[in-house]
Amino acid sequence: MPKFFTLLTILSLLAIHPKTSLPDSDRARVARKSVWPRLQNELKDKGLTIKPQVYIRLFKDEGTLEIWVKSGPRYQFFKTYNICAFSGGLGTKTKAGDYKSPEGFYTVEPKQLNPNSSYHLSINVGYPNKLETLKGYTGDQIMIHGICASNGCYAMTNDGIDDIYTMFYKAFEAGQQKIDVAIFPFRMDEQHMKTYKTNPSFSFWKTLKPGYDLFERNHVPPLVSVQGLNYSFSAGKV
């Protein structure tokens, strides 16, 4: 009886291990086999671990996606990828069918990986988040994906998403439970805030800036919560 119980215990632990619960496919495995050796070398060249914890930032106006990797208590810049396409210009998504790409703070868990996507590989960013749900925003299935076409998603081309998807996968495989994704209209420095101050979305953008500033100062993803109908931020643990 004790031996049987021990076997059941081991099997149950294996069933909930993060590595066993990661969505996967032949397509995703082929991508990892192709790009992971190169990505490991690039990580090593920057003094970064090959068992990464990652943080993601996107900037609409310059069309870039950044990957940051934890190095000690803080995060270090790793790589930039060009966004091939997003839709609707600057300003966040608020309803299904508006063909806008969202802006804000999102969280990705392993279940949001789609290794069998119609767009090669894709990652659901988690729109609508808690704040957007409270505001009554509608729509779903907003992805970072391959190919170069967008109806509200962030398209990266197949080559780009192979790298990005693999970094997400490897971070989850290494034990990271959630990956923060911050999507900004632009870099929220003083000059850009002046440039866009007459934009109709400016009042919303000002609510994103404290989260942007915290990461710029600390290189630690901010802790994001909701107070009323606005984001609230506190410094992440160093």
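Helix α2 bends by about 40° at V35, shortly before the proline P37; here the bend at a residue is the angle between axes fitted to the seven residues ending there and the seven starting there. The structure is a predicted model, in which local features need pLDDT of at least 70 and side-chain atom pairs count only at pLDDT 80 or more, while totals for chains, interfaces and linings use all residues. Residues are numbered from 1 along each chain as its sequence is written, and side-chain values use heavy atoms, with hydrogens and water left out.

The helix covers residues 26–45. Helices (H or I, at least four residues) and strands (E, at least two) are taken as DSSP runs, numbered from the N terminus. The expected span of a helix is 1.5 Å times one less than its number of residues; for the 20 residues of α2 this gives 28 Å, which agrees with the 29 Å between its end C-alpha atoms. Just beyond the helix, G47 has a positive phi of about 75°.

One set of α2 residues is buried, namely A28, A31, R32, V35, W36, L39, Q40 and L43. Buried means under 20% relative accessible area, exposed over 50%, and partly exposed in between, using a 1.4 Å probe and protein chains only. The packing partners of these buried residues are β2 (64–71), β3 (74–82) and α4 (157–173). L43, which lies in α2, is a helpful example: its relative accessible area is 0%, so L43 counts as buried. Contact means heavy atoms within 4.5 Å. With neighbours within four places in sequence set aside, L43 touches W36, L48, T49, I50, V69, F78 and M167.

V69 leads on to the strands, since V69 in β2 is the bridge partner of V54. The β1 and β2 strands pair in the antiparallel sense over 6 bridges, where two strands pair if DSSP finds at least two bridges between them. Their hairpin has 4 residues between the strands, and G63 takes a positive phi near 65° there. Strand β1 also pairs with β9 (residues 179–184), this time in the parallel sense over 4 bridges, and R57 has A182 of β9 as its bridge partner. Strand β1 (residues 54–59) is largely enclosed by the rest of the structure, because 6 of its 6 residues are buried. V54, I56 and L58 point one way from the strand, Y55, R57 and F59 point the other way, and all are buried.

Attention now turns to the cysteines. A search of the whole structure finds 1 disulfide, defined as a pair of cysteine sulfur atoms within 2.5 Å. The disulfide joins C84 to C148, with an S to S distance of 1.7 Å, and the link is left-handed, with -90° about the S-S bond. Distant parts of the chain are linked in this way: C84 sits in the loop between β3 and β4 (104–108), and C148 sits in the loop between β7 (143–145) and β8 (154–155), 64 residues apart. C84 is partly exposed at 34% relative accessibility, and C148 is also partly exposed at 40%. C153 takes part in no disulfide, and the nearest cysteine sulfur, that of C148, is 13 Å away. With a relative accessibility of 11%, C153 counts as buried. Returning to the helix, L43 and C148 are 27 Å apart in space, C-alpha to C-alpha, and 105 residues apart in sequence.
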